[in-house]
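Dear colleague,

Please find the structure below, handed over for your own inspection. A description of what was found in it follows.

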Amino acid sequence: MSLTLRTISREQHLAYIQSLPAASHMQVPAWADVKAEWRSENLGWFDERTGEMVGAGLVLYRQLPKIKRYLAYLPEGPVINWFAPNLDDWIQPMLAHLKQQGAFSVKMGPPVIIRRWNAETIKKGIQDQDVKRLRDMEADFIEPRAFEVADKLRRMGWQQGEDGGAGFGDVQPRFVFQVPLANRSLDEVHKNFNQLWRRNIKKAEKAGVEVVQGGYQDLAEWQRLYEITAVRDHFRPRPLSYFQRMWTALNTEDPNRMRLYFARHNGVNLSAATMLIVGGHVWYSYGASDNIGREVRPSNAMQWRMLCDAYALGATVYDLRGISDSLDETDHLFGLIQFKVGTGGQAAEYLGEWDFPLNKLLHKALDIYMSRR
C-alpha cells in the first residue's frame, strides 16, 4: 500500500476515530483542548490508490523557551496499523512532516500491548519471595509481533523512553490493569473478583452506599475529595479548571465521552471518580476519596457500578489505568496493583514511549533539563 500523510480537519479525525472499535482518549481531537498549553495538529494517513483514510494521529507541540522549535508528542498514538510489514512507510512521512513543522524531537506511545499477566499469576508472584517485578514471571500472553515493532523502531533510530522498567518513567504508564469484558457475562466478571472485593461490594450495599453520576456542576465537590486525596497520598493535584476544561472539551465532542461518579453514604460523598469512553474502551481515569467512611467500602461499590455501566455500554475492556510493575510489598506503589488485582483482570505491558531526536543537540539539552526538574 502506498501512503501519503497530510494535515486533516478535526471533523475528519473524529469521523475516523468513530469508525474504529476503540482508540486512546488521548488520540481524540478534543484532547488538544484539554492540553490547552500545547499547540496541536491532526494528521491523516491515506491509501494513495483508493484515497481512503487508513490512520490518524493527534500531535501536541510544546515550544522550547526562547526559540521556535518544538517537542512533538503523540500520546498513546498515532492510531495506525502498527503490525504493517512496511512500518517504515508509515513513520518516515510523519517524521519528515514534523521536522518541517519545526519539531526538534518526537515522542510517541505505540498503543501496542507486548505482554499480559492474569490475576492468578500475579497473586502467585506476590507470594513468591524471589519475584520482585512482573517481568520476573512468565507472562500468560505474549504478542510476538510487538517485538518486531520494537526492532523496526530501533533500526529506524527511535530510542526507548529512559525508564528502568518501573513503568512511571514514561509520560504515560507502560503497565496498566485491565478487566476484559468481551464475550463474558457480568456474572462471570463478578465471580472473577477475589473474595475481599466481593465481600466489600456486598458490605457497601448492606450499609446503603449509593453510587450516582454527577455533572459539570459537581466538579467542585469532586475537587474537594481529590484535594483530600492529594494531601494523603503526597501528590500535587491538578486545579479544578483542568477538570472543567476536560469535561467541556470531551463532552462537547461526544456527550458520552466523560462521566463523573460519586459513592455516598447518608448523603455524604465519600469517593469519586472520572470515567472516559472511546468506542469499546472505557477507562477509570482519576479517583478520589475522603479519609472518613472507608469502613463502608465506597470505592469498591463505585468501581463495580462503573464496570457495570461500561458493560452496559458494550465495552470490551474496563481499564483501571496505571500500575507499577513492582510486586514488592514494601514498594510505595504496591498498593495500586494490590487493589486492582482483586478485580480478577490482567496486568498489561505496552511497548512504552519512544523518542526520535530530529536535532540531536536540542534533544540532549531537553533531556538534561527534564532530568534536573
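I begin with one residue and work outwards from there. In this predicted model, Ile113 is in contact with Glu143, Ala146, Gln178, Ala348, Glu349 and Tyr350, leaving aside residues up to four places away in sequence. Ile113 belongs to strand β6, which covers residues 113-118. Its relative accessible area is 16%, and because buried means under 20%, Ile113 counts as buried. Between Ile113 and Asn81 there are 13 Å in space, C-alpha to C-alpha, and the two are 32 residues apart in sequence.

The sheet that contains β6

Strand β6 is part of an open sheet of 9 strands with mixed pairing, in the order β7-β6-β15-β9-β14-β13-β12-β11-β10. The edges are held by β7 (141-142) and β10 (210-214); each has a single partner strand, so one side of each is left without a neighbour in the sheet.

Three pairings within this sheet may be followed in detail. Strand β9 (residues 175-180) runs antiparallel to strand β15 (residues 346-350), and 4 bridges join them. Phe175 has Glu349 as its bridge partner in β15, and Glu349 is also among the contacts of Ile113. Strand β9 also pairs with β14, again in the antiparallel sense and over 4 bridges; here Pro180 has Val317 as its bridge partner in β14. By contrast, β13 and β14 pair in the parallel sense, over 3 bridges. In that pairing, the bridge partner of His281 in β14 is Val317. As for burial, β14 is mostly covered, with 6 of its 6 residues buried.

Helix α8 (residues 219-233) lies across three strands of this sheet, namely β11 (258-265), β12 (268-278) and β13 (281-289), and runs at about 70° to β13.

The second largest pocket

Which residues lie closest to the centre of the second largest pocket? This pocket has a volume of about 840 Å³. Of its 36 lining residues, Pro110, Pro111, Val112, Ile113 and Tyr350 are the closest to the centre. Ile113 and Tyr350 are also in contact with each other. At least two lining residues come from each of β6, β9, β13 and β14 (317-322), and β14 gives the most, with 3 residues. By residue class, the lining of this pocket comprises 20 nonpolar, 8 polar and 8 charged residues.

The cavity

A search of the whole structure returns 1 cavity of 30 Å³ or more. The largest cavity holds about 30 Å³ of space. Its lining is formed by Val179, Phe193, Trp197, Gln303, Trp304, Leu307, Tyr318, Leu320 and Thr343. Two elements, α10 and β14, give two or more residues to this lining, and α10 provides the largest share, 3 residues. In the lining of the largest cavity, 7 residues are nonpolar, 2 are polar and none is charged.

Helix α10 spans residues 298-312 and also contains Asp309. Is Asp309 buried or exposed? With a relative accessible area of 14%, Asp309 is buried. Beyond residues up to four places away in sequence, Asp309 touches Gln213, Arg259, Tyr261 and Met275.

The other sheet

A further open sheet has 7 strands in the order β1-β2-β3-β4-β5-β16-β8, also with mixed pairing. At its edges stand β1 (3-7) and β8 (159-160), each with a single partner strand, so one side of each has no neighbour in the sheet. Within this sheet, strand β4 (residues 70-74) and strand β5 (residues 103-108) pair in the parallel sense over 5 bridges, and Ala72 has Val106 as its bridge partner in β5.

Two helices lie across strands of this sheet. Helix α3 (residues 87-100) crosses β1, β2 (39-47), β3 (53-63), β4, β5 and β16 (354-357), running at about 140° to β5. Helix α5 (residues 144-156) lies across β5, β8 and β16, and its direction makes an angle of about 15° with β16.

To return to the starting point, Ile113 is a buried residue that is in strand β6 and is among the residues closest to the centre of the second largest pocket.

With kind regards

Terms used: Residues are numbered from 1 along each chain as its sequence is written. This is a predicted model: local features need pLDDT of at least 70, side-chain atom pairs count only at pLDDT 80 or more; totals for chains, interfaces and linings use all residues. Side-chain values use heavy atoms; hydrogens and water are left out. Two strands pair if DSSP finds at least two bridges between them. Contact means heavy atoms within 4.5 Å. Axes are lines fitted to C-alpha atoms, for helices over the stretch in contact, and angles run from 0 to 180 degrees between N-to-C directions. Buried means under 20% relative accessible area, exposed over 50%, partly exposed in between (1.4 Å probe, protein chains only). On a 1 Å grid over the protein atoms alone, a cavity is a set of points where a 1.4 Å probe fits but cannot get out, and a pocket is an open set with protein on both sides within 12 Å along at least five of seven lines; lining residues have an atom within 4 Å of a point. Grid points are joined across faces, edges and corners, and a volume is the space filled by probe spheres set on the points. Ala, Val, Leu, Ile, Met, Phe, Trp, Tyr, Cys and Pro count as nonpolar, Asp, Glu, Lys and Arg as charged, and the others, Gly among them, as polar.
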